[in-house]
Amino acid sequence: QLQLVESGGGEVQPGGSLRLSCTASGFTLDAYAIGWFRQAPGKERERVSCITKNSDSTNYADSVKGRFTISRDNGKNMVYLQMNSLKPEDTAVYSCAARPTSRSICGQISFIPGIGYWGQGTQVTVSS
C-alpha cells in the first residue's frame with residue numbers, strides 16, 4: 001500500500017522540542033517535494049514548511065520561521081521537521097504531503113489533495 005506515515009508527535013511543555021518524521025511506504029520520496037502542514041481544531045489547515053526533492057529550497061510559514069527546521073535524508077527515505085521553542089499555539093495535527101514535481105523552488109510548489117500523497121497526521125500538543 002502506497003502511503004505516507006508521520007511519527008514523532010506527542011505532548012511537550014512550552015519551550016520544548018519535538019522532531020517529526022515522515023516516511024513513505026511502498027515508494028521512495030526522492031522524486032517528491034515534501035510539505036508539512038498542520039491543522040488545529042476549528043482552524044484551517046496551514047502550510048508549515050516545504051523542502052524540494054534535492055533539498056535545494058526550503059520555506060517556512062512566518063509563524064514558525066526561526067523555530068522549525070525541515071530536512072530530508074533520501075537515502076533513508078525520510079523527511080524531518082525539527083520543532084524547537086514550541087508554543088501552545090503550535091498545538092495541532094501535523095501531516096506531511098508528497099508532491100511529484102521537478103520544480104526546485106518551494107515557493108512555486110503547491111500541495112493539492114488528490115495529487116501525490118498525504119499522511120494521516122500526528123498530534124502535537126504543547127501545554128504546561
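**Charge, fold and selected residues of an all-strand model**

The protein carries 13 positive and 10 negative side chains, and the centres of these two sets lie 4 Å apart. The structure described here is a predicted model, and the values that follow were computed from its atoms.

Turning to the fold, the protein contains 11 strands and 0 helices. Read from the N terminus, the order of elements is accordingly β-β-β-β-β-β-β-β-β-β-β. The C-alpha trace spans about 40 × 30 × 30 Å along its principal axes. A compact globule of 128 residues would have a radius of gyration near 14 Å, and the protein, with 14 Å, agrees with that expectation. Of the 128 residues, 42% are buried. About 6,400 Å² of the protein is exposed, and carbon and sulfur atoms supply 44% of that area. Contacts across the sequence are well represented: among contacts with a separation of 6 or more, 60% join residues 24 or more positions apart.

Aromatic side chains offer a helpful way into the interior. Searching the whole structure gives 5 aromatic pairs. In one of them, the ring centres of Phe-37 and Trp-118 are 4.8 Å apart with the planes at 45°, so this pair is tilted. Because Phe-37 belongs to strand 4 (residues 32-39) and Trp-118 to strand 10 (residues 117-118), the pair ties together parts that are 81 residues apart in sequence. Phe-37 has a relative accessible area of 7% and is therefore buried, the cut-off being under 20%. Ring pairs also link Phe-27, Tyr-32 and Tyr-117 into a cluster.

Strand 4 also holds Ile-34, a buried residue with a relative accessibility of 0%. Beyond its neighbours within four places in sequence, Ile-34 is in contact with Leu-29, Ser-49, Cys-50, Ile-51, Ile-70, Arg-72, Val-79, Cys-96, Ala-97, Ala-98 and Phe-111. Between Ile-34 and Cys-22, which are 12 residues apart along the chain, the C-alpha separation is 9.0 Å.

Ser-21, in strand 3 (residues 18-25), is a polar-looking entry for the bench reader to locate next. With 10% relative accessibility, Ser-21 counts as buried. Residues up to four places away in sequence aside, Ser-21 touches Val-5, Glu-6, Ser-7, Trp-36, Met-78, Val-79 and Tyr-80. Val-79 is thus listed among the contacts of Ser-21 and also among those of Ile-34.

Two loop residues deserve a look for their backbone angles. Ser-55 has a phi near 65°, which is a positive value in a residue other than glycine. Ser-55 sits in the loop between strand 5 (46-51) and strand 6 (58-60), and at 38% relative accessibility it counts as partly exposed. Asn-77, likewise a residue other than glycine, has a positive phi near 60°. The loop that holds Asn-77 runs between strand 7 (68-73) and strand 8 (78-83). Here the relative accessible area is 14%, so Asn-77 is buried, whereas Ser-55 is partly exposed.

Key:
Residues are numbered from 1 along each chain as its sequence is written. This is a predicted model: local features need pLDDT of at least 70, side-chain atom pairs count only at pLDDT 80 or more; totals for chains, interfaces and linings use all residues. Side-chain values use heavy atoms; hydrogens and water are left out. Helices (H or I, at least four residues) and strands (E, at least two) are DSSP runs, numbered from the N terminus. The radius of gyration is taken over C-alpha atoms; the globule rule is 2.2 Å times the number of residues to the power 0.38. Buried means under 20% relative accessible area, exposed over 50%, partly exposed in between (1.4 Å probe, protein chains only). Contact means heavy atoms within 4.5 Å. Accessible areas come from the Shrake-Rupley method with a 1.4 Å probe; for residues, only the protein chains shown count as cover. Lys and Arg count as positive and Asp and Glu as negative; His and the chain ends are not counted. The place of a charge is taken as NZ of Lys, CZ of Arg, CG of Asp or CD of Glu. Rings of Phe, Tyr and Trp (its six-membered ring) pair if their centres lie within 6.5 Å; planes under 30 degrees apart count as stacked, over 60 as edge-to-face and the rest as tilted.
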